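Q: I'd like to learn how to read a model like this one, feature by feature. Please give me the general idea each time, and then the case at hand.

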Amino acid sequence: LSLATEIAGRYFASCLMNAAGIRCQSRRDLDALVQSSAGAYVTKSATPAPRSGNPAPRMATFPNGSFNSMGLPNNGLAYYLDYVLADEQKRPGKTNFLSLAGTSLADNLAMLHQINDSAYTGFVELNLSCPNVPGHPQTGYDFEATRQTLEAVFDFYQKPLGVKLPPYFDLAHFDAIAAVLNQFPLSFVTTINSVGNGLLVNVETETVVIKPKGGFGGIGGASVKPTALANVRALSQRLNPAIAVIGVGGIMSGKDAFEHILCGASMLQIGTQFGYEGVAVFERIAKELGDIMLLKGYSSIDDFRGKLKTLA
Ligand SMILES: O=C(O)c1[nH]c(=O)[nH]c(=O)c1Cl
C-alpha cells in the first residue's frame, strides 16, 4: 500500500504536505517539514522584500474553523530562494514548492525572472488568492487579470509552475476560470485558499476579534471542506488532464483526505490542522488514510483518485 503520487513527472513518496502560510515562514519551520514524513513542503508566500504583515491580533479560531488576516508577513524571496537552493543541493531529486504572492504583476514577474535565472529546479506555486492585503483584490476573482498574468508569466518562465486559487461558488465561475487555465502549460492548480473576508464577532465585548480590515479575514478548517471538495471536483472535471489538482481545505483526518482524492486531488495540503497539531499530523493522517484504503482494497491513490460517482 502506497500514498505516493506524481505531479508533472515529479515523484512524491507521500501525497501529504503543508499548505502555504502555515508553519513554513522560517528556516526552523521548513527544517521541521524536511525532517517530517510530509511528501514535500511549500514555503510561506513570498514578496520581493520582507514584510511584517498586518497589525495583531490578526488570527483567531472558532469551532470548526480558523480565521486569519496575516497580511503576507514573510522574509522576502531571497530568503526562501536561498533555502530551497540549499535544500536541493542537500537532497537532489526532491521536489518542493516555492510560493509567491507579489502585490502587483510587476512584483510577480520580477520574482519569477530571478527564479528562472537561478539554479532552482522545483515547483513555483503562484498565489493568486491572498484575501488579506488591504487595497489588493484577489487576482483569482478577476478572470481577465488572471489570463493576463499567466500570459506574461509563460512568455518567459521555463520551470514547472502552478497557481493557488481562491474558492469559487458558481458553476459559471468554475467554467470561466478553467477556460483561462486550460490555455496555459500549468503543472498544477492548488485549490482552495481560505474563504475570504469572513467576520467573527465577540458578543461579550461587542467587537470584532482581529484588528486588520475592520475584522474581516479568511476562513479555513473543517467548516470550508464542502467548498474545498466542490472546487477540487469542479476543476478536476474541467481542467486539461495534464494539470494536476492539489486539494486543500478542511483536511483534519484520513477520511477528509480520502474525500479530496476521490474528488480528484493528486496531492493534499494541510493548513489549519497542521497549525494545531504540528508535523505529527502527517503520520496520523497517512495512517488513517492507509487504513481506509486497506479496508476498501485500494493499494495506491490512483486506484480511486477522481472516481467519485454521482447518483444514477
Ligand atoms: O494573510 C495572509 O498572509 C494570507 N492568508 C490566507 O489565508 N491566504 C493567503 O494566501 C495569504 Cl498570503
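Q: Which backbone nitrogen does the side chain of T272 reach?
A: In general, look for a polar contact, a pair of N or O atoms within 3.5 Å; within protein, one must be able to donate a hydrogen and the other to accept it, and residues adjacent in sequence count only if both atoms are side-chain atoms. Here the T272 side chain gets to the backbone nitrogen of G221, at 3.2 Å. Keep in mind that this is a predicted model: local features need pLDDT of at least 70, side-chain atom pairs count only at pLDDT 80 or more, and totals for chains, interfaces and linings use all residues. Residues are numbered from 1 along each chain as its sequence is written, and side-chain values use heavy atoms, with hydrogens and water left out.

Q: Where is T272 found, and is T272 buried or exposed?
A: Helices (H or I, at least four residues) and strands (E, at least two) are DSSP runs, numbered from the N terminus. T272 belongs to helix 8, residues 272-277. As for burial, the bands are: buried under 20% relative accessible area, exposed over 50%, partly exposed in between (1.4 Å probe, protein chains only). T272 comes out at 16%, so T272 counts as buried. For its company, use contact, meaning heavy atoms within 4.5 Å: leaving aside neighbours within four places in sequence, T272 meets S66, G220, G221 and M252.

Q: What is the strand order in the open sheet of 4 strands?
A: Start with pairing: two strands pair if DSSP finds at least two bridges between them. This open sheet runs 4-5-13-10, and its pairing is antiparallel. Strand 4 (59-62) and strand 10 (195-199) sit at the edges, each pairing on one side only. Angles come from axes, lines fitted to C-alpha atoms (for helices over the stretch in contact), and run from 0 to 180 degrees between N-to-C directions. Ignoring direction, neighbouring strands of this sheet are turned by 35° against each other on average. For a look inside, take strand 5 (residues 65-68) and strand 13 (residues 216-220), antiparallel partners over 3 bridges. F67 faces I219 of strand 13 there.

Q: And R58, which residues does R58 touch?
A: R58 sits in the loop between helix 1 (27-35) and strand 4. Not counting residues up to four places away in sequence, its contacts are S52, G53, F67, N68, S69, M70, P73, I210 and P212. One polar atom of the R58 side chain lies 2.8 Å from the backbone oxygen of N54. The chain also folds back here: R58 and F216 are 158 residues apart along the chain, yet their C-alpha atoms are separated by 9.7 Å.

Q: Which residues come nearest to the ligand?
A: A residue is near a molecule or strand if one of its heavy atoms lies within 4 Å of it. There are 13 residues around the ligand, and K44, G71, N127, N193 and S194 come nearest. Polar side-chain atoms of K44 and of N68 each lie 2.8 Å from an oxygen atom of the ligand. For N127, an N or O atom of the side chain is 2.8 Å from a ligand oxygen.

Q: What is the strand order in the open sheet of 7 strands?
A: Read across, the order is 3-15-14-9-8-7-6, with parallel pairing. Strand 3 (16-18) and strand 6 (97-100) are the edges, each with pairing on one side only. Twist averages 25° from one strand to the next. Strand 9 (residues 188-191) joins strand 14 in the parallel sense over 4 bridges, and V189 stands opposite V245 of strand 14. Helix 9 packs on this sheet, touching strand 3 and strand 15, and its direction makes about 155° with that of strand 3.

Q: Why is helix 7 largely enclosed?
A: Count the buried residues: 8 of the 9 in helix 7 (residues 254-262) are buried, so the rest of the structure largely encloses the helix. Those residues pack against helix 6 (225-238), strand 14 (244-248), strand 15 (267-270) and helix 9 (280-296). At the N-terminal end, S253 acts as a cap, with a side-chain oxygen 3.3 Å from the backbone nitrogen of K255. Just past the helix, G264 takes a positive phi of about 125°.

Q: Last one: which residues touch the most other members of the largest nonpolar core?
A: A nonpolar core is a set of buried Ala, Val, Leu, Ile, Met, Phe, Trp, Tyr and Cys residues joined through side-chain atoms within 4.5 Å. This one has 67 residues, and L98, L100, L186 and V189 touch the most other members. Helix 2 (residues 77-90) gives the largest share, 6 residues. Apart from this core lies another, of 12 residues, among them F12, F97, F123 and I246.
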